[in-house]
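Student: Could you take me through one part of this structure up close, the salt bridges, and then show me how that part sits in the rest of the chain?

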Amino acid sequence: MDKISFWTETGEEESFWILEEARLGGKSYLLVTDDKDGDGMAMLLRDDADPDSEESLYVPVEEEHELSAVLLLFEDKLEEMGILLEE
């Protein structure tokens, strides 16, 4: 499991473990967790960087319709990993 770290707008570093990656509608998405070995919180991140940029700009997916659509891409993998989604 790969780890991703980034800095918030306030300059604090945050790290997450990448559970899965997917592309939808030309955008890249990461399903991440804050706890590699336990019952951590999961979050869906979208890369909003310019397509020509070498850097990523990850933002949490908050819009319900987009969240539902992207989670369908991860559904089988999550089931295999024994991860349950709570709404």
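**The salt-bridge network**

Tutor: Let's start with Arg 46 and Glu 66, which form a salt bridge whose closest N and O atoms are 2.7 Å apart. Arg 46 sits in strand 4 and Glu 66 in helix 1 (residues 64-81), so this pair ties together parts that are 20 residues apart in sequence. Keep in mind that we're looking at a predicted model.

How covered are these two partners? Glu 66 has a relative accessible area of 18%, so it counts as buried. Arg 46 is buried as well, with 16%. The cut-off behind that word is a relative accessible area under 20%.

Arg 46 has another partner, too. A salt bridge links Arg 46 to Asp 48, and here the closest N and O atoms are 2.6 Å apart. Asp 48 belongs to the loop between strand 4 and strand 5. Its relative accessible area is 27%, which makes Asp 48 partly exposed.

Now follow Asp 48 onward. Asp 48 also pairs with Lys 27, with 3.4 Å between the closest N and O atoms. Lys 27 is in strand 3 (residues 27-33), while Asp 48 is in the loop that runs between strand 4 (42-47) and strand 5 (58-60), so the two tie together parts that are 21 residues apart in sequence. Lys 27 is partly exposed, at 29% relative accessibility.

What do you get when you put these pairs together? The structure holds three salt bridges. Through shared partners, Lys 27, Arg 46, Asp 48 and Glu 66 become one network. Walk along it and you go from Lys 27 to Asp 48, from Asp 48 to Arg 46, and from Arg 46 to Glu 66. The general idea is simple enough: side chains of opposite charge can pair when their charged atoms come close.

Let's step back to the whole chain. The secondary structure comes to one helix and five strands, and the pattern along the sequence reads β-β-β-β-β-α. As for overall size, a compact globule of 87 residues would have a radius of gyration near 12 Å, and the 13 Å of this chain agrees with that. Along the principal axes, the C-alpha atoms fill a box of roughly 35 × 30 × 20 Å.

How much of the chain is buried? Buried residues account for 24% of the 87 residues. One to look at is Leu 30, which is found in strand 3. Leu 30 is buried, with a relative accessibility of 3%. The C-alpha atoms of Leu 30 and Val 70 are 9.7 Å apart, and these two residues are separated by 40 residues along the chain.

There's also acidic surface to look at away from the network. Asp 34, Asp 35, Asp 37 and Asp 39 form a negative surface patch. Take Asp 35, in the loop between strand 3 and strand 4. Asp 35 is partly exposed, at 33% relative accessibility. And where is Asp 35 relative to Asp 48? Their C-alpha atoms are separated by 24 Å, with their positions 13 residues apart along the chain.

So, on your screen, try tracing the network from the loop residue Asp 48 to Arg 46 in strand 4 and on to Glu 66 in helix 1.

Conventions: Residues numbered from 1 in each chain as written. Predicted model: local features only at pLDDT ≥ 70, side-chain atom pairs only at ≥ 80, totals over all residues. Heavy atoms only, no water. Salt bridge = Lys/Arg side-chain N within 4 Å of Asp/Glu carboxyl O. Helix = DSSP H or I, 4+ residues; strand = E, 2+ residues; numbered from the N terminus. Buried < 20%, exposed > 50% of the residue type's maximum accessible area, 1.4 Å probe, protein only. Patch = residues over 30% accessible without salt bridge, like charges linked within 9 Å, V, L, I, M, F, W, Y side chains within 5 Å. Areas by Shrake-Rupley, 256 points an atom, 1.4 Å probe, with all protein chains shown as cover. Lys, Arg positive; Asp, Glu negative; His and termini not counted. Charge placed at Lys NZ, Arg CZ, Asp CG, Glu CD. Rg over C-alpha atoms; globule rule 2.2 N^0.38 Å.
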